[in-house]
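Visitor: I'd like to learn how to read a model like this one, starting with the ligand. Could you walk me through it?

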Amino acid sequence: MIEIKDITKIYRTGGEPLVALDKISLSIQEGEFTAIMGPSGSGKSTMMNILGLLDRFDSGTYYLNGKDVSHLSDNEGAHVRNKEIGFVFQSFNLMPRMTILENVELPMVYANVPKKERNERAVKALERVGLGNRVKHRPNEISGGQKQRVAIARAIVNTPSVLMADEPTGNLDSKTTLDIMRIFQELNAEGTTVVMVTHEPEVAEYTKRVVLFKDGVIRDDYPQQQKIL
Amino acid sequence: MNLRENFKMAIDSVLANKMRSFLTMLGIIIGIAAVIAILGIGNGATSEITGTFNDLGASTITLSVSNDATDSEAITDADVTALKESIPEIERVSANNTTSASVRSDFDTRDALLSYGMPDLQYINQTMDSTIVYGRYFNQSDYLDSKDVTVISEDTAAALFNGQTDVVGEQLKISDNAGNQSDLTVIGVVKGTFQDLQGSFDLSQMPVYAAVPLTTMEKMNPTIKGINSLTIQVDSKDAIESVSKQAVRILETRHDAVGEDWYSATNFLQALDQVDNVMSLFINFIAAVAAIALLVGGIGVMNIMLVSVTERTREIGTRKALGATTGTILAQFLMESVILCLIGGIIGLVLGIFLASVVSNALDIVPNITIGSVLLVLFFSSAVGIFFGIYPARKAARLDPIEALRYE
Ligand SMILES: Nc1ncnc2c1ncn2[C@@H]1O[C@H](COP(=O)(O)OP(=O)(O)OP(=O)(O)O)[C@@H](O)[C@H]1O
Ligand SMILES: [Mg+2]
């Protein structure tokens, strides 16, 4: 479902151009649960941003679900992100003034889903992550682990084909990290493709495949026996 | 994303920072309140003035003889007859002048406004109720024979005759400034109350009022020859301009004074035009003040919206990641600035109406706030919101999603 070929990303902001991704090719099938690993600065986030259609690249091609998404306009990109991709961020990125329910409804607002259906689907997604009873609270009234569960509910509510998470457990303690990984495993078991960045090997153990980045190239790429939670 | 969602988000965001939103609106509030108050009071005052003029008779022309003219240009009885005969639109002509004099009865002496004129005298003073209470008004024979008769007002009678008002047949002695004297018989008493002109006259402070035929006055004071102003009433407002012109031309011809500019006609339409001119000057001035206030208010809104966009950079990045398009973000921020301005406009409107009614109350006029000015306020507030909101909104909409998400 994800097919990238010879993707190169060069940052030209500083003095010397910096090759963050050097002719990366990668293929991820439907139903996979992939961990992207590697040392700091190796290009993991850069890769994720390109996979998530948040950033552009200098050369190469990207096919998502068989469709060439290499050269989308801003608004085409927005539509693909809205329909096909669910994002989970390291620092949750919830809207502080909105209730949890409204936060989860937001992607559906952008998809023009009618109010009633939005509400039903948001409640269902929140129940799915075990937060069906906190819908009227605001983000500052819940814990970090709960915030990340809200973010996951928001990411899955438009039933995207792939979940993308850049260090989703980076701000969480080890116990809540396991809670989040369990939810990812459950969603993956139900058929959702998951790609996540992590630099913690113990977290990567819960995935089915590891892609190792170093200096902008893929150093290693191997399937593994998933540790089930 | 539909308008309702957008509206709700904008309201939430405005309410999230109540104090800041209020301070931002202040410029708009003050500007709009000032405009509404001043327009309301101005319109109220205009209709008050217009109303007064209409009461006084908008179909009235005043013809006057210039001070530079000689005695031979004074308006005579024959002039009045000629005017009436040549201009069919004329309903009546009142010819009168007023001088000050003192009036003495057997009981008392008072300063008086002495009015002298032609037989239609009773229509002279448009501001006075000249209904006859006792006796009668002058007639043609009083006039032609210069009879020593006078008509006085009720309160004049009361002042001079110990509170008695039915004084027909009583004698009065009148002396004018030049020392000319005359003994007159009261032949009529009129109501003589003055119509209300912005509050009422305190009649006890007024000199008493008496009227005599012009011929009687000329007999008493030989330096008086004719009259130097006429009041002409025409049958319709539309005739005012043409009658004014014709009347001046007739007088000039009769007195062999064509082109001398000694006769002039003024009418209430001209006076109303003047009021309109003053008002429109005033309104233009207010519009300029309002424009400055709205400009300052709008810059305040733009400033706070730019701050808001910067503060919410990460939020904007997240929204874009979740599928918000450029247009959606643009609409969101534009809606926010429009709402800010519109709420400011509405608060200003309410404040302005309140101010207008307080001030109008004090001035004893009715404030006039039209639907038009309300709509104008709503329109202008929104326009200011759009105009000054477009730059910050575009800035938000054009943010690169990844840079916005990375923003600390
Ligand atoms: N906006 C940018 N402008 C310039 N250089 C950048 C930018 N973003 C990333 N880089 C550089 O690109 C390289 C890859 O960065 P990236 O963020 O992808 O690393 P990462 O693998 O996610 O690291 P970490 O584990 O620390 O998050 C780094 O050398 C980084 O300094
Ligand atoms: Mg990173």
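Guide: Sure. Start with a single atom pair: a polar side-chain atom of A:T46 sits 2.5 Å from an oxygen atom of ligand 1. Keep in mind that this is a predicted model.

Visitor: Which backbone atoms should I look at around ligand 1?

Guide: Look at A:G41, where a polar backbone atom is 2.8 Å from an oxygen atom of ligand 1. A:G43 also offers a polar backbone atom, 3.1 Å from an oxygen atom of the ligand.

Visitor: How many residues surround ligand 1?

Guide: There are 14, and the closest are A:S40, A:G41, A:K44, A:S45 and A:T46. A:T46 and A:G41 you have met already, through their polar atoms.

Visitor: And where does ligand 1 lie with respect to the chains?

Guide: Between chains A and B. That makes the contact of the two chains a good next stop.

Visitor: How do I put a size on an interface?

Guide: The size is often given as the accessible area lost when the parts come together. Here, about 2200 Å² is buried between chain A and chain B, and carbon and sulfur atoms give 56% of that. On the chain A side, A:L54, A:R97 and A:Y110 lose the most area to chain B, together 30% of what that side buries.

Visitor: How many residues does each chain bring to the contact?

Guide: Chain A brings 26 residues, and chain B brings 26 residues too.

Visitor: What about charges: how many salt bridges are there between chain A and chain B?

Guide: The count is 3. One to pull up on screen joins the side chains of A:R118 and B:E5, with 2.4 Å from N to O. Widen the search to polar contacts, and you get 9 residue pairs between the two chains, counting residues at pLDDT 80 or more.

Visitor: Which elements of chain A give two or more residues to the side that touches chain B?

Guide: Those are α2 (74-84), α3 (100-110) and α4 (115-128) of chain A. α2(A) gives the most, with 6 residues. Sort that side of chain A by class and you find 11 nonpolar, 7 polar and 8 charged residues.

Visitor: Last one: what does the domain assignment give for chain B?

Guide: Two entries, and one of them comes in two segments. Domain 1 covers 3-53 + 274-406, while domain 2 covers 59-267. For the spacing, take the centres over C-alpha atoms: 58 Å separate domain 1 of chain B from domain 2 of chain B.

Notes. Residues numbered from 1 in each chain as written. Chains lettered and ligands numbered in written order. Predicted model: local features only at pLDDT ≥ 70, side-chain atom pairs only at ≥ 80, totals over all residues. Heavy atoms only, no water. Contact = heavy atoms within 4.5 Å. Buried area = accessible area lost by both parts, 1.4 Å probe. Salt bridge = Lys/Arg side-chain N within 4 Å of Asp/Glu carboxyl O. Polar contact = N/O pair within 3.5 Å; in protein donor to acceptor, adjacent residues only side chain to side chain. Helix = DSSP H or I, 4+ residues; strand = E, 2+ residues; numbered from the N terminus. Nonpolar A, V, L, I, M, F, W, Y, C, P; charged D, E, K, R; others polar. Domains from an automatic or database assignment. Near = heavy atom within 4 Å.
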